[in-house]
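Let's take a walk through this fold together, beginning with how its strands are joined and ending with its empty spaces. Keep the viewer open as you read.

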Amino acid sequence: MLSGRATKIASCFVGLDKRYVTEVDLTGRTSTGDPEGETLERHEPPAEAVLEAALARLRGEVELPIPAASAVKIGGERAYRLHRKGVAVEMPVRRSQVHALDVIAYTGETVTLGLHVSSGTYVRSIADALGGHCRTLRRTAVGPFRVEEADPERMMPVEEALGRLPDKARAAAGGTS
């Protein structure tokens, strides 16, 4: 969270890598990639070996369609607004980098994944590529800032935050340290 004069450096955080933990329901896809959407298909979950092969294809540089229920603008309007109106649109694909995609737990019907991805990666698209949807999704880090470090009693000074950013992001803020 940025407050006061720190809001001026918000653009420095946008392009940072993100880390997530998600539980993917492998028994069906939804229209939104999460439990809120309409069920599009139900199927048997993949065997563990099939799942591992699918995960291997999703590591590294990937191109996946942006979810229809996203904030991307299509013809000047947010895709999620068009989706809610029932307007079907061809969603563009986005190239992103999946640095890590690790299985934390596998039950047969669900898989819990730990992800380290480039900015702009849609975890719901990864779940959809596995034939499922995200039951839960939690961002655990943005760049060098981890959720475990969050402290409601302490605001990090701007200089300290900038000091933890990669040089490229710091340069975007005009920071020097």
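Before we start counting pairings, one definition: two strands pair if DSSP finds at least two bridges between them. With that settled, bear in mind that what you are looking at is a predicted model.

Start with the sheet. It is open, has six strands, and runs in the order 4-7-8-1-9-10 with antiparallel pairing. Strand 4 and strand 10 sit at the edges with a single partner strand each, so each has one side left without a neighbour in the sheet.

Now move across the sheet from the strand 4 edge. Strand 4 is joined to strand 7 by six bridges, and the two run antiparallel. If you'd like a landmark here, find Val-62, whose bridge partner in strand 7 is Ser-96. On we go to strand 7 and strand 8 (residues 110-117), an antiparallel pair with seven bridges. A handy marker for this pairing is Asp-102, which has Gly-114 as its bridge partner in strand 8. These two strands form a hairpin with three residues between them, and Gly-108 takes a positive phi near 105° in that hairpin. Further along the order, strand 1 (residues 18-25) pairs with strand 9, again in the antiparallel sense, over eight bridges. There, look for Glu-23, whose bridge partner in strand 9 is Thr-136.

What about aromatic contacts? A search of the whole structure turns up one aromatic pair. The ring centres of Phe-13 and Phe-145 are 5.7 Å apart and the planes meet at 50°, so the pair counts as tilted; for comparison, edge-to-face would need an angle over 60 degrees. Phe-13 belongs to helix 1 (residues 11-14) and Phe-145 to strand 10, so the pair ties together parts that are 132 residues apart in sequence. And are these two residues buried or exposed? Both Phe-13 and Phe-145 are buried.

Phe-145 also leads us to the pockets. The largest pocket holds about 760 Å³ of space. It is lined by 24 residues, and those closest to its centre are Met-1, Leu-2, Phe-145, Ala-150 and Met-156. Strand 9 (133-142), strand 10 (145-146) and helix 5 (158-164) each supply at least two residues of this lining, with the largest share, four residues, coming from strand 9. By class, the lining has 16 nonpolar, two polar and six charged residues.

The second largest pocket has a volume of about 240 Å³. Of its 17 lining residues, Pro-65, Ile-66, Pro-67, Ala-68 and Asp-128 are the closest to the centre. The elements giving two or more residues to this lining are strand 2 (28-30), strand 4 and helix 4 (123-129). Helix 4 gives the most, with four residues. Sorted by class, the lining divides into nine nonpolar, five polar and three charged residues.

Finally, how many cavities of 30 Å³ or more does a search of the whole structure find? Just one, with a volume of about 60 Å³. Leu-64, Pro-65, Ile-66, Arg-94, Ser-96, Gly-120, Thr-121, Tyr-122 and Ser-125 line this cavity. Strand 4 (60-65) and strand 7 (93-106) are the elements that give two or more residues to the lining. Its lining has four nonpolar, four polar and one charged residues. You've met Ser-96 already, as the bridge partner of Val-62, and Pro-65 and Ile-66 among the residues closest to the centre of the second largest pocket.

Conventions: Residues are numbered from 1 along each chain as its sequence is written. This is a predicted model: local features need pLDDT of at least 70, side-chain atom pairs count only at pLDDT 80 or more; totals for chains, interfaces and linings use all residues. Side-chain values use heavy atoms; hydrogens and water are left out. On a 1 Å grid over the protein atoms alone, a cavity is a set of points where a 1.4 Å probe fits but cannot get out, and a pocket is an open set with protein on both sides within 12 Å along at least five of seven lines; lining residues have an atom within 4 Å of a point. Grid points are joined across faces, edges and corners, and a volume is the space filled by probe spheres set on the points. Ala, Val, Leu, Ile, Met, Phe, Trp, Tyr, Cys and Pro count as nonpolar, Asp, Glu, Lys and Arg as charged, and the others, Gly among them, as polar. Rings of Phe, Tyr and Trp (its six-membered ring) pair if their centres lie within 6.5 Å; planes under 30 degrees apart count as stacked, over 60 as edge-to-face and the rest as tilted. Buried means under 20% relative accessible area, exposed over 50%, partly exposed in between (1.4 Å probe, protein chains only).
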